[in-house]
Number of protein chains: 2
Amino acid sequence: MTKASFMEYALEEAKLAFERGEVPVGAILVYQNEIIARGGNRTLEHKDPSAHAEMLVIREAAKTLNSERLNNCDLYVTLEPCPMCAAIISFARIRRLYFATSDIKSGAVENGVRLFSDASCHHKPEVYSGIMESDCSSLLKEFFKVRRKLK
Amino acid sequence: MTKASFMEYALEEAKLAFERGEVPVGAILVYQNEIIARGGNRTLEHKDPSAHAEMLVIREAAKTLNSERLNNCDLYVTLEPCPMCAAIISFARIRRLYFATSDIKSGAVENGVRLFSDASCHHKPEVYSGIMESDCSSLLKEFFKVRRKLK
């Protein structure tokens, strides 16, 4: 599969999160060109502030591979990871991170604390951004537009 | 109970983590002067790179209180939180963070990215460090001494 195809699956997960009333972010974990974990935000449903899409797929993949290190795995996510998710990506030794759209307010890769560029970060994945940016960004904008109307 | 008493419970959890062969860090979550969650590192046991002491007690407390926001809760932890745990502390709206010993290499509160001082951090807990520093630090030093010998 191509990188855009993998990001399409992540976007599908983001859309499912939207339908559940969660901030629409989706993620896919790929190992040896196969999707081994997929999911979207579930912070409200799980009553768990850590239940971001990236965190959920990393936990699931670690269980599947029976290791807390995901050395040759790549992560696709529709939004730039926050500091919590950037840190878990580093701890899990994710090889490549692909994300669709930047998060100027809360991101921690190209924005905010730029975690992977800090000396305290002991594993830095390769980072590729901008894949399917427009679709993933539109979905987030739509979500926040609807939410503002409901308030 | 006093702050030192709460940190003693956190240290007890750190010692249990040591016995399990995990990096000896322990944490306690306090709400209305009662301990509502306690635990230590379980990254190896759970095969979960996110299973740090702070993360585990925050998840447990959120389930107990049935809310992903822990507005009037205080966290006691034996080591300065890493970026992942500092971020979840912020997301969960923890009121006060007490930690025993600094982590120059991987901490993210007084060291590293100093997450709570960054503009991208939307909730900053009150932070108090140094409670029972010597005991908590000795345990960590002992663990890494033993581990080096085994290698």
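Here are some notes on the predicted two-chain model above, mostly about how chain B and chain A meet.

1. Confidence first. This is a predicted model, and the scores for it are as follows: chain A has an average pLDDT of 95, with 100% of its residues at 70 or above. For the complex, the predictor reports an ipTM of 0.94 and a pTM of 0.95.

2. How are the two copies related? Turn chain B by 180 degrees, with 0.0 Å of shift along the axis, and it lands on chain A with an RMSD of 0.0 Å. That is what a two-fold axis does. If you want to find the axis in your viewer, look for Met84(B): its C-alpha sits 1.9 Å away, and no residue of chain B comes closer.

3. The contact surface fits that picture. Contacts involve 31 residues of chain B and 31 residues of chain A. Of the interface residues in chain B, 100% are interface residues in chain A too, so the copies meet through the same surface.

4. How much area is buried between chain B and chain A? About 2,500 Å², and carbon and sulfur atoms give 68% of that. On the chain B side, the residues losing the most area to chain A are Lys47(B), Pro49(B) and Glu68(B), which together account for 24% of what that side buries.

5. On to the polar side of the interface. Between chain B and chain A there are 8 residue pairs in polar contact, counting pairs with both residues at pLDDT 80 or more. Three helices of chain B, α2 (43–46), α3 (53–65) and α4 (83–91), each put at least two residues into the side facing chain A. Sorted by class, that side of chain B has 14 nonpolar, 10 polar and 7 charged residues.

6. Now the charged pairs. Side chains of opposite charge can pair when their charged atoms come close. Over all chains, the whole structure has 16 salt bridges, and the count between chain B and chain A is 2. One to click on is Asp48(B) with Arg59(A), where the closest N and O atoms are 3.9 Å apart. This pair crosses between chains: Asp48(B) lies in the loop between α2 and α3 of chain B, while Arg59(A) belongs to helix α3 (residues 53–65) of chain A. With a salt-bridge cut-off of 4 Å, I'd check that 3.9 Å distance by eye.

7. Last, a look inside one chain. Where does Ile36(B) sit? In strand β2 of chain B, which covers residues 34–40. Leaving out residues up to four places away in sequence, Ile36(B) touches Leu29(B), Tyr31(B), Glu60(B), Ala61(B), Thr64(B), Leu65(B) and Cys73(B). Val57(B) is 21 residues from Ile36(B) in sequence, and their C-alpha atoms are 8.5 Å apart in space.

Technical notes: Residues are numbered from 1 along each chain as its sequence is written. Chains are lettered from A and ligands numbered from 1 in the order in which they are written. Side-chain values use heavy atoms; hydrogens and water are left out. pLDDT is the predictor's confidence in each residue, from 0 to 100. Contact means heavy atoms within 4.5 Å. Buried area is the accessible area (1.4 Å probe) that two parts lose on being put together, summed over both. A salt bridge is a side-chain nitrogen of Lys or Arg within 4 Å of a carboxyl oxygen of Asp or Glu. A polar contact is a pair of N or O atoms within 3.5 Å; within protein, one must be able to donate a hydrogen and the other to accept it, and residues adjacent in sequence count only if both atoms are side-chain atoms. Helices (H or I, at least four residues) and strands (E, at least two) are DSSP runs, numbered from the N terminus. Ala, Val, Leu, Ile, Met, Phe, Trp, Tyr, Cys and Pro count as nonpolar, Asp, Glu, Lys and Arg as charged, and the others, Gly among them, as polar. Copies are superposed by least squares on the C-alpha atoms of residues with pLDDT of at least 70 in both.
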